[in-house]
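User: Hi! I am new to protein structures and would like to learn how to read one. Could you walk me through some features?

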Amino acid sequence: AQAARRSIERIEENAKRLGIDCEFERVNGYQYTAKSDQVDELEAEAEAALKAGVPNELVFESPLPYQIARAIRFEHQAQFHPLKYLAALAATIEGDGSYVFEETRMLDVHDGEPCRITTDRGTIIADEVIVAANVPVVNKFFLQTKIAAYRTYAIAVQVANRFDMKNLYWDIDDPYHYVRSVDFNGSPRLIIGGEDHKTGQDVHTGIHFQNLEDWAHAHFDVERITHHWSGQVIEPVDGLPFIGRNSMSSHVYVATGYSGNGMTMG
C-alpha cells in the first residue's frame with residue numbers, strides 16, 4: 001500500500017519537476033458490484049484494505065450511469081499517459097555513462113565483476129544490471145515457475161452518456177471489467193477492459209472482444225467502438241511482484257509480476 005501510494009507521488013513529482021505534459025490528474029477509484037450477492041465480499045475487501053493502510057469509504061452510489069449495489073471509493077488515485085511520461089524521462093538520459101540504446105535486442109546477461117550484457121549489436125559492460133522485462137530471461141528456472149502470463153483485452157468506446165468519466169471504475173466479477181477515460185484528439189472516450197484469461201488456454205480469443213462489446217452496450221449508450229487491442233499481464237504466485245536480486249546472482253536484479261499494476265509497481 002505504501003509503495004503504490006509513493007509511486008503515484010513520485011510520478012506526480014517527476015511530471016511537475018520536469019514539466020512533463022503527460023495528462024497527469026488525480027481521480028477517485030471505485031471498486032464496485034452491481035449484484036446484491038457480492039456485497040458481503042466487497043465489504044470484506046473494504047475492511048481488509050483499511051487494515052492494510054488503504055483509506056477508503058463504502059458508498060451506495062457512484063457516478064456511473066447505471067445502478068450499483070455497493071462500491072468502495074478510494075480517493076487520491078491518478079491517471080496519466082504512460083508513453084508521454086516515459087518518453088520525457090528517457091530524454092533526460094544524456095551520456096556521462098548513461099545511454100538509451102533503441103532497437104537493440106538483449107540476448108543474455110552474465111553476472112560478474114563487471115556484468116556483461118550481450119546484445120545483437122555488441123556487448124555492454126555494467127557494475128549492476130536490472131532486468132525490468134515483462135518476463136526476465138535471466139532466470140529460466142527459479143522465476144519462471146513462479147509467474148504466469150495472462151491475456152487481457154480492451155476497447156475504446158465513444159458514448160452518448162454524460163457522467164463523470166474522469167474516475168476509475170472496476171467491478172469484482174470474474175472475469176472482471178474496468179472503465180476509465182481518455183481524451184482522444186479532443187474527443188472523450190471510455191477505455192473498457194478485462195476478460196483476462198491464462199495465455200494459451202483459449203483458442204478463440206475473438207470472443208473476449210465480443211464479450212467486452214456486449215458488456216459496453218449493456219451498460220452505456222454506445223455510439224461507436226473505435227479501437228481494439230490486447231496485452232500481456234504477468235501474475236505472480238503470491239500476488240506480490242518480484243522486485244529484487246535475481247536468484248543465484250550477485251549483481252543482477254529483476255522486476256516482474258505486476259498483476260496489471262505496472263504503472264505504479266514499475
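User: Which residues of helix 1 are exposed, on the other side from the buried ones?

Analyst: Good place to begin, and please keep in mind that this is a predicted model. An α-helix has 3.6 residues a turn, so residues three or four places apart point the same way. In this structure, Gln2, Ala3, Lys16 and Arg17 are the exposed residues on that other side of helix 1. The buried residues of helix 1 are Ser7, Ile8, Ile11, Glu12, Asn14 and Ala15. Looking down the axis of helix 1, you find those buried residues within an arc of 165 degrees, so they line one face of the helix.

User: What covers the buried residues of helix 1?

Analyst: The cover includes two strands and two helices, namely strand 1 (25-33), strand 3 (70-79), helix 3 (82-91) and helix 5 (262-265).

User: How can I check the length of helix 1, and what span should its 16 residues have?

Analyst: Use a rise of 1.5 Å a residue: the 16 residues of helix 1, residues 2-17, should then span 22 Å. The C-alpha atoms at its ends are 22 Å apart, which agrees. Just after helix 1 comes Gly19, with a positive phi of about 65 degrees.

User: Which residues other than glycine have a positive phi here?

Analyst: Here is the general idea: most residues other than glycine have a negative phi, and most peptide bonds are trans. Glu103 is one residue to look at, with a positive phi near 50 degrees. You will find Glu103 in the loop between helix 3 and strand 4, and it counts as exposed because its relative accessibility is 70%. Met248 is another, with a positive phi near 65 degrees. Met248 sits in the loop between strand 13 (242-245) and strand 14 (252-256), and its relative accessible area of 75% makes it exposed.

User: And the peptide bonds: where are Pro114 and Pro175, each preceded by a cis bond?

Analyst: The bond from Glu113 to Pro114 is cis, its omega being near 5 degrees. Pro114 belongs to the loop between strand 4 (106-110) and strand 5 (115-119). The bond from Asp174 to Pro175 is also cis, with omega near 5 degrees, and Pro175 is in the loop between strand 9 (168-171) and strand 10 (177-184).

User: How many residues does the largest nonpolar core have?

Analyst: That core has 23 residues, and Tyr32, Leu64, Leu190, Ile192 and Phe220 have the most contacts inside it. Strand 1, strand 8 (147-159), strand 11 (187-198) and helix 4 (206-219) each give two or more residues to this core. A second, separate core has 13 residues, including Val109, Val131, Phe242 and Val254.

User: What is Leu190 in contact with, leaving aside its neighbours within four places in sequence?

Analyst: Its contacts include Ile155, Ala156, Val157, Val159, Phe163 and Met165. Val179, Arg180, Ser181 and Phe220 are also among them.

User: How many disulfides does a search of the whole structure find?

Analyst: A disulfide is a covalent bond between the sulfur atoms of two cysteines. Searching the whole structure finds zero disulfides. You can still look at two cysteines: Cys22 counts as buried at 1% relative accessibility, and Cys115 is buried with a relative accessible area of 0%.

User: Is Pro82 buried, exposed or partly exposed, and where does it lie?

Analyst: Pro82 lies in helix 3 and is partly exposed, with a relative accessible area of 27%.

Technical notes:
Residues are numbered from 1 along each chain as its sequence is written. This is a predicted model: local features need pLDDT of at least 70, side-chain atom pairs count only at pLDDT 80 or more; totals for chains, interfaces and linings use all residues. Side-chain values use heavy atoms; hydrogens and water are left out. Helices (H or I, at least four residues) and strands (E, at least two) are DSSP runs, numbered from the N terminus. The expected span of a helix is 1.5 Å times one less than its number of residues. Buried means under 20% relative accessible area, exposed over 50%, partly exposed in between (1.4 Å probe, protein chains only). The arc is that of the directions from the helix axis to the C-beta atoms. Contact means heavy atoms within 4.5 Å. A nonpolar core is a set of buried Ala, Val, Leu, Ile, Met, Phe, Trp, Tyr and Cys residues joined through side-chain atoms within 4.5 Å. A disulfide is a pair of cysteine sulfur atoms within 2.5 Å.
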